[in-house]
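Biologist: I have the model open and a few things to ask about it. Can we go through them one by one?
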Amino acid sequence: MNNYSNRPKIVVTGGAGFIGSHTVVELWNVGYEPIIIDNFSNSQPWILDRIKQLTTNDIQCYDLDCANQVAMEDLFSQLGQVIGIIHFAAYKSVSESVAHPEKYYANNMGSLQTIINIKEKFNIPDLVFSSSATVYGVADHLPVTEDCDLKPASSPYGETKQLGEQLIKDQLETGAIILRYFNPIGAHPSGLLGELPSGVPQNLVPFITQTAIGDRDHLQVFGTDYETKDGTCVRDYIHVVDLAKAHVAALSRLLSTRRTDVYNIGTGKGNSVREVIETFEKVSGEQLPVKYVDRRPGDIESIYADCGKAALALHWNATYTLEDALMHAWQWEQSLKIEKSNAA
Ligand SMILES: NC(=O)c1ccc[n+]([C@@H]2O[C@H](COP(=O)([O-])OP(=O)(O)OC[C@H]3O[C@@H](n4cnc5c(N)ncnc54)[C@H](O)[C@@H]3O)[C@@H](O)[C@H]2O)c1
């Protein structure tokens, strides 16, 4: 698959975003031709230059809303044979989804239904869909397995992931893989790609790196009285490059069996908020100003994945450590600071 024109084409919606951009690079590295569709509602066009540096190629990118069925049909009728779609494009802020549920249902459900219609109309064999561990709510048991009951969603964002899974199961008996991500963190080891949170980050790691670089006064830790090893919440932090590789593995799986299925993608380990902070301080040499405050409504105590099913069927395992992920996230934050001061 070395000749560019002979590379099998994979459309990556949301391919300029955090997880999408890393996945585009991994797809290129193993011989696919990734084609990005992104409307840059939560990403920056300059990410494409970074992708070019990593792939030494211009990756095709279409600035398009994937919920726009007419525009999407027009594009796919010009793309030639596409063998798979990885559908990342969605809004992802839990708090914004509570404030503006209509925006989340329209974008997240509208874009997924359009993608399913396109898959059927253009006979595209494979689809990989981004779901989330949020579908488990307070899990029946830990580590959580894929057959655990799904719980009523605690936000419209979470609801769009549950409904999205159902939309796929109802309409695609074959040819779709749903990946339930745990907590994606980290950045590309090159320092060229990473997360670009807009506004105040909702996730722990960008908050840590923004505090360490001086953009935030202090880091708030919500709750120290949970029934966990040190009283703080426990999550399963997965390096974004490992997560990107899980999508490549899912495509390979679909090539060998058309079965629609669902997989957890995490490390299988739970780390507490305190452990993440201490590990960051160790790898970066920075001391974080931390304030311990009351629990935040809606946070669940502890969740981490059983990834045995993905290991067995996708032949995929996480390889990066928490130390690696935090070091890469810190390098990315520092490179962003240089980028911002050059632009100023
Ligand atoms: N990052 C996480 O913590 C996490 C966890 C679980 C699941 N997910 C899911 O993974 C997917 C990717 O997440 P991410 O962190 O890379 O998010 P991101 O916001 O960085 O990337 C999403 C990309 O999709 C684009 N987009 C959104 N709506 C679009 C539309 N209608 N048409 C075209 N482009 C559109 C955005 O501009 C952005 O580039 C999302 O579906 C998200 O819900 C993310």
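Biologist: Start with the ligand. By class, how many nonpolar, polar and charged residues does the shell around the ligand have?
Modeller: Keep in mind that this is a predicted model. The shell has twelve nonpolar, eleven polar and four charged residues.

Biologist: Which residues are the closest to the ligand?
Modeller: Asp 38, Asn 42, Ser 43, Asn 107 and Tyr 157 are the closest, out of 27 residues that surround the ligand.

Biologist: And which side chains put a polar atom 2.7 Å from an oxygen atom of the ligand?
Modeller: Ser 43 does so with a polar side-chain atom, and Tyr 157 with an N or O atom of its side chain, also at 2.7 Å from a ligand oxygen. There is a backbone case too: an N or O atom of the Ser 41 main chain sits 3.0 Å from an oxygen atom of the ligand.

Biologist: How much of the ligand does the protein bury?
Modeller: The protein buries 96% of the 820 Å² that the ligand exposes when taken alone.

Biologist: Which helices and strands supply at least two residues of that shell?
Modeller: α1 (18–29), β5 (126–132) and α6 (156–171) each do. The largest share is that of β5, with three residues.

Biologist: Changing topic. What about His 188, buried or exposed?
Modeller: Buried, because its relative accessibility is 11% and the cut-off for buried is under 20%. His 188 belongs to the loop between β7 (183–185) and α7 (204–212).

Biologist: What does His 188 touch, beyond residues up to four places away in sequence?
Modeller: His 22, Val 25, Leu 54, Leu 193 and Val 241.

Biologist: You mentioned α7. How many of its residues are buried?
Modeller: Nine of its nine residues are buried. The run goes from Leu 204 to Ala 212 and includes Pro 206, Phe 207 and Gln 210.

Biologist: Which elements do those buried residues pack against?
Modeller: They pack against β7, β8 (219–222), β10 (237–239), α9 (273–284) and α11 (322–343). Just after α7, Gly 214 has a positive phi of about 100°.

Biologist: Next is Asn 264. Where does it lie?
Modeller: Asn 264 is in strand β11 (residues 261–265). It counts as buried because its relative accessibility is 0%.

Biologist: Which backbone oxygens lie close to polar atoms of the Asn 264 side chain, at 2.9 Å and 3.2 Å?
Modeller: The backbone oxygen of Val 144 is at 2.9 Å, and that of Asp 306 is at 3.2 Å. Leaving aside neighbours within four places in sequence, the contacts of Asn 264 also include Tyr 136, Arg 180, Phe 182 and Cys 307.

Biologist: And Glu 96, which side chain does it join through a polar contact?
Modeller: That of Lys 103, at 2.8 Å. Glu 96 is in helix α4 (residues 94–99) and is partly exposed, with a relative accessible area of 25%. Apart from neighbours within four places in sequence, Glu 96 is in contact with Lys 103 and Tyr 104.

Biologist: Any backbone oddities to check? Which peptide bond is cis?
Modeller: The one from Leu 142 to Pro 143 is cis, with omega near -10°. Pro 143 is in the loop between β5 and α6. For context, most peptide bonds are trans, and most residues other than glycine have a negative phi.

Biologist: Then which residues other than glycine have a positive phi?
Modeller: Asn 123 is one of them, with phi near 50°, and His 315 has a phi of about 55°. Asn 123 is found in the loop between α5 (101–121) and β5, and His 315 in the loop between α10 (308–314) and α11.

Biologist: Are those two buried or exposed?
Modeller: Asn 123 is exposed at 60% relative accessible area. His 315 is exposed as well, at 68%.

Biologist: Last one, the whole chain. What is its radius of gyration?
Modeller: The chain has 19 Å, which agrees with the value near 20 Å for a compact globule of 344 residues. Its C-alpha atoms fill a box of roughly 55 × 50 × 40 Å along the principal axes.

Biologist: And how many helices and strands are there?
Modeller: The chain has eleven helices and 13 strands. Buried residues make up 53% of the 344 residues. Among contacts between residues at least 6 apart in sequence, 80% join residues at least 24 apart.

Definitions and conventions: Residues numbered from 1 in each chain as written. Predicted model: local features only at pLDDT ≥ 70, side-chain atom pairs only at ≥ 80, totals over all residues. Heavy atoms only, no water. Near = heavy atom within 4 Å. Polar contact = N/O pair within 3.5 Å; in protein donor to acceptor, adjacent residues only side chain to side chain. Areas by Shrake-Rupley, 256 points an atom, 1.4 Å probe, with all protein chains shown as cover. Helix = DSSP H or I, 4+ residues; strand = E, 2+ residues; numbered from the N terminus. Nonpolar A, V, L, I, M, F, W, Y, C, P; charged D, E, K, R; others polar. Buried < 20%, exposed > 50% of the residue type's maximum accessible area, 1.4 Å probe, protein only. Contact = heavy atoms within 4.5 Å. Rg over C-alpha atoms; globule rule 2.2 N^0.38 Å.
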